[in-house]
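Q: Please take a close look at one part of this model and go through it step by step. I am new to the structure, so plain wording would help.

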Amino acid sequence: MYQATEEEEKKLILNKYRQILRHSNITDTAKKAKIRKAFNFAVEAHKGMRRRSGEPYIMHPLEVALIASRDIGLGTKSIISSLLHDVVEDTDYTLKDIELMFGKKVARIIDGLTKISDVFDKTSSLQAENFRKILMTLSDDVRVILIKLADRLHNMRTLQSMPHEKQMKIASETEVLYAPIAHRLGLFGIKSELEDLILKYKQPNAFQSIADKLTESEYQRKKFIARFIQPIKKELKAQGFDFSIAYRNKSISSIWNKMQKKKVDFHEIYDLFAVRIILNSDFKYEKVDCWRTYSSITSIYVPKLDRFRDWVSVPKSNGYEALHTTVMSKEGKWVEVQIRSTRMDEVAEKGYAAHWRYKDSVKGSDHGLDEWMNKIRELLQNPKSDALDFLDEFKLNLYSSEIYAFTPKGEMMSLPKGATVLDFAFSIHSEIGKQTIGAKINSTLCPINQVINSGDQVEILTSNKQKLKDDWLDIAITARARSQIKTALKEAKKQFVSLGKMKIQQYFSDLKRAYDPELVKAFQTNLEIASSNEFYYQVATEKITKKHLSDFIDQTENTSWLSSFNPFLRFGKSKDPNSLAKDIQQQLENKPESMTLNKDLKNIEHQVANCCKPLPGDDVVGFLQGDGKITIHRTTCKKASNLMATYGKNIVKAKWRKEGNLQFLSGLSFTGHDKFGLIREITELLTSQLGINIRSFTLEAHDDIFRGTTMLYVQDSVQLDSIIRQLKKINGIKEVNRL
Ligand code: MN
């Protein structure tokens with residue numbers, strides 16, 4: 001828990017502030033004074049506010065400013081904007097105040113940042129409309145997105161103190177949106193830290209186990225690297241180079257990705273680290289020096305030719321420059337070596353910003369950063385540029401489940417795919433929804449059940465004579481429209497109660513019987529109608545007729561000898577089938593975080609997602625669907641990530657409860673060399689030795705290679721992992737994977 005005295009906090013805040021100044025390399029006194037002013041103002045504005053972790057709130061803008069200056073290399077205006085980025089949103093100060101004190105530019109940047117957080121943090125779903133807003137803000141000033149990245153990085157670093165569903169939402173958003181942007185802008189440091197943090201929250205077990213293994217093997221690795229670089233050092237010194245050699249472990253997330261992609265174990269990854277040689281060369285000679293260094297190294301160690309990469313002659317599209325080679329050490333292990341100049345190294349770490357700053361110092365101009373901003377803006381604005389590839393990816397994700405349509409006035413409405421005219425009408429206003437008789441879509445008349453497509457312009461046609469109908473519930477698909485229709489239908493049906501009551505009394509007298517309220521109740525129950533309003537509505541509208549009543553009476557009297565013992569035989573099911581759904585809804589509304597999953601969960605309907613087939617033991621997340629059911633996905637599931645990023649409010653914390661003998665269907669695929677008796681060996685292992693219940697088993701062989709799949713019932717992922725391990729031990733089997 002966070003604990004510090006007021007004195008300690010003051011010291012902490014001041015130290016952080018000094019750190020920012022130190023890393024900014026700003027020497028101009030006037031600029032320094034402006035930053036000081038922003039600092040003082042932010043401290044004052046956030047006074048008394050604390051973050052969830054207990055820290056003073058001001059630590060957050062300070063950390064964001066530090067990332068902006070140290071890790072991205074941004075200048076005075078950006079530092080000031082970072083320090084003030086939450087002021088308008090979280091305090092009583094307005095944008096006008098900021099503009100008066102710090103000028104138009106800073107105010108514009110902060111306005112952009114506030115808008116983005118409105119879009120992302122306050123609304124629960126990331127929609128196409130919002131995506132467009134972000135793009136528009138982007139083209140206004142690229143610093144907005146850079147500072148937003150810094151803000152997101154610090155929020156990811158401090159995600160621990162957030163509730164679980166928030167963690168999943170923020171991590172998914174970061175995965176889908178921010179990490180790819182960081183990558184595209186060449187901000188490698190930020191990108192890989194974001195990716196590690198995403199993994200840490202979405203797959204805590206995988207993250208921890210790799211982190212542990214890295215720590216365990218660190219000492220051995222250091223010793224190995226020392227032996228490896230010793231002759232390189234000697235040679236480069238002899239040639240008169242000014243250089244430094246560092247090594248860096250691969251990030252945890254990229255190790256994990258490699259393990260997944262190549263289907264290998266941690267120990268089988270040979271490029272766990274890379275050795276980096278950084279040459280302190282003059283800008284003029286840096287390329288030549290890189291090549292000379294390459295030649296020296298490959299005269300000591302033999303290179304692996306297919307692993308050579310030259311990004312010195314032609315830099316990567318995101319600005320990355322370096323030579324990469326993989327060489328064989330004397331101890332029989334491949335080692336990746338990266339060769340770059342100090343300038344290239346800084347570009348690699350900080351992205352384009354560093355590149356343009358260097359150009360500044362070479363050309364002596366002061367416009368490098370602006371030039372860079374323009375370059376990015378250009379990239380983002382030009383739809384033909386392949387820099388937009390990453391944006392296209394989001395578009396696909398977003399547009400696959402969302403459509404956007406326009407009102408006649410050009411206002412954009414986002415709706416789920418499949419939404420109809422009725423949904424559109426209710427999304428404007430419930431009163432409009434209730435009176436809808438149709439619409440003009442792109443000037444063509446359409447009925448209320450017409451499905452709307454992205455880009456349609458929809459003009460709703462209403463009439464005050466319109467009456468709600470039951471089948472509207474089949475036409476509307478959005479929760480909002482459906483619940484409003486239900487409420488309105490209930491309201492409307494109430495007006496039929498007295499008419500219905502009169503009618504039923506009439507039936508009794510027509511049948512020459514005394515009116516019997518008990519019998520009416522039994523009749524209603526027998527029809528499985530839960531609400532009396534609904535019952536009398538159906539009577540009033542003659543969906544329930546006199547014939548129905550007389551049939552019921554006949555039937556009841558013929559079986560009355562039974563009915564006295566067991567009323568349920570007489571009236572059928574007494575439980576309202578809708579009440580189950582209500583229970584679920586209730587439970588979710590009251591305590592969404594309390595869900596624990598097991599098969600005994602009788603009061604909550606859940607289903608295991610088909611796309612990723614989670615098992616007990618897997619990291620899972622629940623996702624509340626429109627119909628009140630919960631789908632359980634693995635946190636690694638692509639589909640779940642998109643759902644979580646899009647509909648954050650529907651995330652339900654889900655955890656497996658440790659409990660006995662439940663079985664889950666799961667699939668394995670395997671390949672290997674065909675050999676006699678293999679099927680028998682596999683099935684014997686599964687059934688006789690492990691006692692696994694096999695549902696299906698296929699094996700197909702071509703030449704010497706076979707490929708097989710099996711579906712089996714297992715208890716959890718631990719058991720499945722052990723089955724995979726044991727299958728791998730069978731002679732002839734090469735690879736075993738989960739389906
Ligand atoms: Mn913030």
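A: Two strands count as paired when DSSP finds at least two bridges between them. The model is a predicted one, and the part chosen here is a sheet together with the helices beside it.

By that rule, three strands make up an open sheet, ordered β10-β9-β11, with antiparallel pairing. Its edges are β10 (444-446) and β11 (458-462), each of which pairs on one side only. On average, and with direction ignored, neighbouring strands of this sheet are turned by 30° against each other.

Next, the pairing of β9 with β11. Strand β9 covers residues 436-441, and five bridges connect it to β11 in the antiparallel sense. One residue pair can be located by number: T436 has T462 in β11 as its bridge partner.

A helix comes next. Helix α19, residues 421-428, lies across β9 and β11. The direction of α19 is at about 100° to that of β9.

Helix α19 also packs against a second helix. Two packed helices are described by the angle between their axes and the distance between the axes. For α19 and helix α22 (residues 479-494), the angle is about 80° and the axes are 8 Å apart. Angles of 65 to 115 degrees count as roughly perpendicular, and α19 and α22 are therefore roughly perpendicular to each other.

The residues that meet can be listed for each helix. From α19 they are L422, D423, F426, S427 and I428; from α22 they are R480, A481, Q484 and I485. Sorted by class, this contact of α19 with α22 has five nonpolar, two polar and two charged residues.

For comparison, here is another strand of the model. Strand β6 (residues 334-341) has seven of its eight residues buried, so β6 is largely enclosed by the rest of the structure. Strand β2 (residues 273-279) runs parallel to β6 and is joined to β6 by six bridges; here I278 stands opposite R340. Strand β5 (residues 323-328) is also joined to β6 by six bridges, but β5 and β6 run antiparallel, with T326 opposite E336. Five residues lie between β5 and β6, which form a hairpin. In its turn, G332 has a positive phi of about 80°.

How values were computed. Residues are numbered from 1 along each chain as its sequence is written. This is a predicted model: local features need pLDDT of at least 70, side-chain atom pairs count only at pLDDT 80 or more; totals for chains, interfaces and linings use all residues. Side-chain values use heavy atoms; hydrogens and water are left out. Buried means under 20% relative accessible area, exposed over 50%, partly exposed in between (1.4 Å probe, protein chains only). Helices (H or I, at least four residues) and strands (E, at least two) are DSSP runs, numbered from the N terminus. Axes are lines fitted to C-alpha atoms, for helices over the stretch in contact, and angles run from 0 to 180 degrees between N-to-C directions. Contact means heavy atoms within 4.5 Å. Angles under 35 degrees count as roughly parallel, over 145 as roughly antiparallel, 65 to 115 as roughly perpendicular and the rest as oblique. Ala, Val, Leu, Ile, Met, Phe, Trp, Tyr, Cys and Pro count as nonpolar, Asp, Glu, Lys and Arg as charged, and the others, Gly among them, as polar.
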